Amino acid sequence: MKKAEAHYPFLLACRKQPTPYTPIWLMRQAGRYMKEYRTLRKTFSFLEMCKNPEVAAQVTLQPIEKFKLDAAIIFSDILIPLEPMGVEFEFAKGEGPVFHHPIRELKQIEQLRVIEPERDVPFLMEAIRIVRRELEGKIPLIGFSGAPFTLASYMIEGGHSRNYILTKGMMYQNPTSWDCLMGKICETLISYLNAQIRAGAQALQIFDSWVGCLSPQDYKEYVFPYSKRVMDGVDRSVPLIHFATSSSTLLEPMKQAGGDVIGVDWRINLKEAWARIGEGIAIQGNLDPVILFSPVGLIEREVKRILDQAENRPGHIFNLGHGILPNTPVEHVAALVEMVHEYSSRS
Ligand code: CP3
C-alpha cells in the first residue's frame, strides 16, 4: 500500500489491517435509485453515460457527495470490454443486455480480439483519471471487471439466462471452444484490469455474478483455472475483491482461485463463510438489498446482526450481498451508511 493510502479504512480492511470502524460501500451505488442519476439518464442512454468520461466521472461521484461511503467504484459495466472484442450488444428497454450475434461456434471465437484498453476503451481510463483527481486524499477508487464465467455466459446465451443451457452445453460438450473462449476473455481481462490500475484504480473487484449456477465440481474443472489465470495476471500491488452470488458451496475453490477479499451474498451467514474460507482473508458483505425497502428499525436489526457475526475482526468490509435495487429509498441508504459507522466504531 502506498503511504498516502495507508489511512483509508477500506484499503486497510482489504488487507485485514485494523480500522477505526467497519468501512462500507455499496455495489451499484451509482444508479437509478438516485434522482441525480435519473435526471442525467434523461439526456444520455446508459452506454452513452459509460462512454463519456466526464459523465461517467460525474455519476461515480453522485453517491459520494450524498453518503459517507468509504470507497467509490468507477461507473461502467462488466460488458464494456466485450464490444471491442467484437461482440456487439445493446440495452433494450426494460430487458437488460441483448446480444444479436451470440457466440456459439469455434469460428466466431477465433475471430474475437484481445483488447488494448488505452486504444479500445479510452473513456474508461479517462474517467478513472478524472475521479482520482476529484477524490485525492478523501476515499479510494475501485476499478472492476466481470469474471470469465459470467462474461462467457452473456456472450453465449446472448443476454441474461435462467438455466445457462447453452453455456453449460459448450462447457461440457465442446471443450476446445470453451477453452478458446475463456482464454481470450482471460487475456482481455488481464490487460483491462492492469490498465485500470495504471489509470489510478486503487482496488479491483471481479464480479462472478452468475457462477453460483455451477456445482463445486464444475466450478473446479471449468472455471477455476481461468479465474485463477486472471487474478494471477493482475498487478497485486492493489487489493482484489473476488465476488459471486449464490456461492456458499464454492467459497473454498473461489478463495484458492484468488483475491484478498471474498465477496458473499446474504444466503450465507458471515461467520460461517469466514469459517469456510479461513481467518487469513478479508470478507465483504452481506446485507440483502431487499432489506433496504424495510423500515429503518428493521434495517438496524439486520446491520447489527451482520456486525455481530463479523465480531470486530479486522478485514470486514460492509456491503450489500448484490447490487442496490432501483426504487430503494435514498434515506434508507443514508441511514445504513451512518449505522454501520456508528455501530462498528472501535474508538
Ligand atoms: O457498482 C457501481 O455503482 C458501478 C457500476 C456498475 C454497473 N453495472 C452499472 C449499471 C457495475 C459494477 C455493474 C456490474 C454489472 N453489470 C454486473 C455485475 C454485478 C451484478 O449486478 O451482478 C452485471 C451482471 C452487469 C450487466 C448488466 N448491466 C445488466 C444485467 C444490466 C441490466 C439490468 C439492470 O439492472 O438494469 C445492466 C445495466 C446497468 N449497469 C445499470 C447500471 C447503473 C442500469 C442502466 C440504466 O440506467 O438503465
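# A guided tour, starting at Glu 302

Select Glu 302 to begin: leaving aside residues up to four places away in sequence, Glu 302 touches Leu 287 and Ile 291. You are looking at a predicted model, so treat each stop as a place to explore in that model.

**Stop 1: helix α15**

Keep Glu 302 selected and show the helix around it, which is α15. Is Glu 302 buried or exposed? Glu 302 is buried, because its relative accessible area is 11%, and buried means under 20%. Now add Arg 305 to the selection. The side chains of Glu 302 and Arg 305 make a polar contact at 2.7 Å.

Follow the chain onwards to Asn 312. This residue sits in the loop between α15 (296-310) and β9 (316-320). Check its backbone angles: phi is positive, about 60°, although Asn 312 is not a glycine.

**Stop 2: a cis peptide bond**

Next, select Gly 285 and Asn 286. What is the peptide bond from Gly 285 to Asn 286 like? The bond is cis, with omega near -5°. Asn 286 has its place in strand β8, which covers residues 282-287.

**Stop 3: across to Gly 183**

Now put Gly 183 and Arg 305 on screen together. In sequence they are 122 residues apart, and from C-alpha to C-alpha they are 41 Å apart in space. Centre the view on Gly 183, which belongs to helix α11. Gly 183 counts as buried because its relative accessible area is 11%, with the cut-off for buried set at under 20%. Which residues is Gly 183 in contact with, apart from its neighbours within four places in sequence? They are Tyr 226 and Arg 229.

**Stop 4: helices α10 and α9**

Colour helix α10, residues 165-173. Thr 167, Lys 168, Gly 169, Met 170 and Met 171 are buried in this helix. The buried residues of α10 pack against α6 (106-111), α9 (148-157), α11 (175-199) and α12 (216-233), so try showing those helices together with α10.

Then turn to α9. Why is α9 described as largely enclosed by the rest of the structure? The reason is that 10 of its 10 residues are buried. Walk along the helix and you will pass Pro 148, Phe 149, Thr 150, Leu 151 and Ala 152, then Ser 153, Tyr 154, Met 155, Ile 156 and Glu 157, which are its buried residues. Just after α9 comes Gly 158, with a positive phi of about 85°.

**Stop 5: Ser 145 in a strand**

Step back along the chain to Ser 145, in strand β4 (residues 141-146). Ser 145 counts as buried because its relative accessibility is 1%. Show its surroundings: not counting residues up to four places away in sequence, Ser 145 touches Ile 78, Leu 189, Tyr 192, Leu 193, Gln 205, Ile 206 and Phe 207.

**Stop 6: the largest pocket**

Switch on a surface and look for the largest pocket, which holds about 1,600 Å³ of space. How many residues line the largest pocket? The lining has 50 residues, and those nearest the centre are Arg 28, Arg 32, Asp 77, Phe 91 and Pro 97. By type, the lining divides into 27 nonpolar, 13 polar and 10 charged residues.

Try colouring the pocket lining by element. At least two lining residues come from each of α2 (35-41), α3 (46-51), β2 (89-92) and β3 (96-99). The largest share, 3 residues, is supplied by α2.

**Stop 7: the ligand**

Finally, select the ligand and the residues around it. The ligand is surrounded by 23 residues, with Arg 28, Tyr 37, Asp 77, Ser 209 and His 322 as the closest. Zoom in on the oxygen atoms of the ligand for three distances:

- Ser 209 places a polar side-chain atom 2.5 Å from a ligand oxygen atom.
- Arg 28 has a polar backbone atom 2.6 Å from an oxygen atom of the ligand.
- Gln 29 has a backbone N or O atom 3.1 Å from an oxygen atom of the ligand.

End with Arg 28, a residue you met at the pocket centre. Where does Arg 28 lie? Arg 28 is in the loop between α1 (9-14) and α2. Its phi is near 60°, a positive value in a residue other than glycine. Arg 28 counts as exposed because its relative accessible area is 54%, and exposed means over 50% when the protein chains only are considered.

Key: Residues are numbered from 1 along each chain as its sequence is written. This is a predicted model: local features need pLDDT of at least 70, side-chain atom pairs count only at pLDDT 80 or more; totals for chains, interfaces and linings use all residues. Side-chain values use heavy atoms; hydrogens and water are left out. On a 1 Å grid over the protein atoms alone, a cavity is a set of points where a 1.4 Å probe fits but cannot get out, and a pocket is an open set with protein on both sides within 12 Å along at least five of seven lines; lining residues have an atom within 4 Å of a point. Grid points are joined across faces, edges and corners, and a volume is the space filled by probe spheres set on the points. Helices (H or I, at least four residues) and strands (E, at least two) are DSSP runs, numbered from the N terminus. Ala, Val, Leu, Ile, Met, Phe, Trp, Tyr, Cys and Pro count as nonpolar, Asp, Glu, Lys and Arg as charged, and the others, Gly among them, as polar. Buried means under 20% relative accessible area, exposed over 50%, partly exposed in between (1.4 Å probe, protein chains only). Contact means heavy atoms within 4.5 Å. A residue is near a molecule or strand if one of its heavy atoms lies within 4 Å of it. A polar contact is a pair of N or O atoms within 3.5 Å; within protein, one must be able to donate a hydrogen and the other to accept it, and residues adjacent in sequence count only if both atoms are side-chain atoms.
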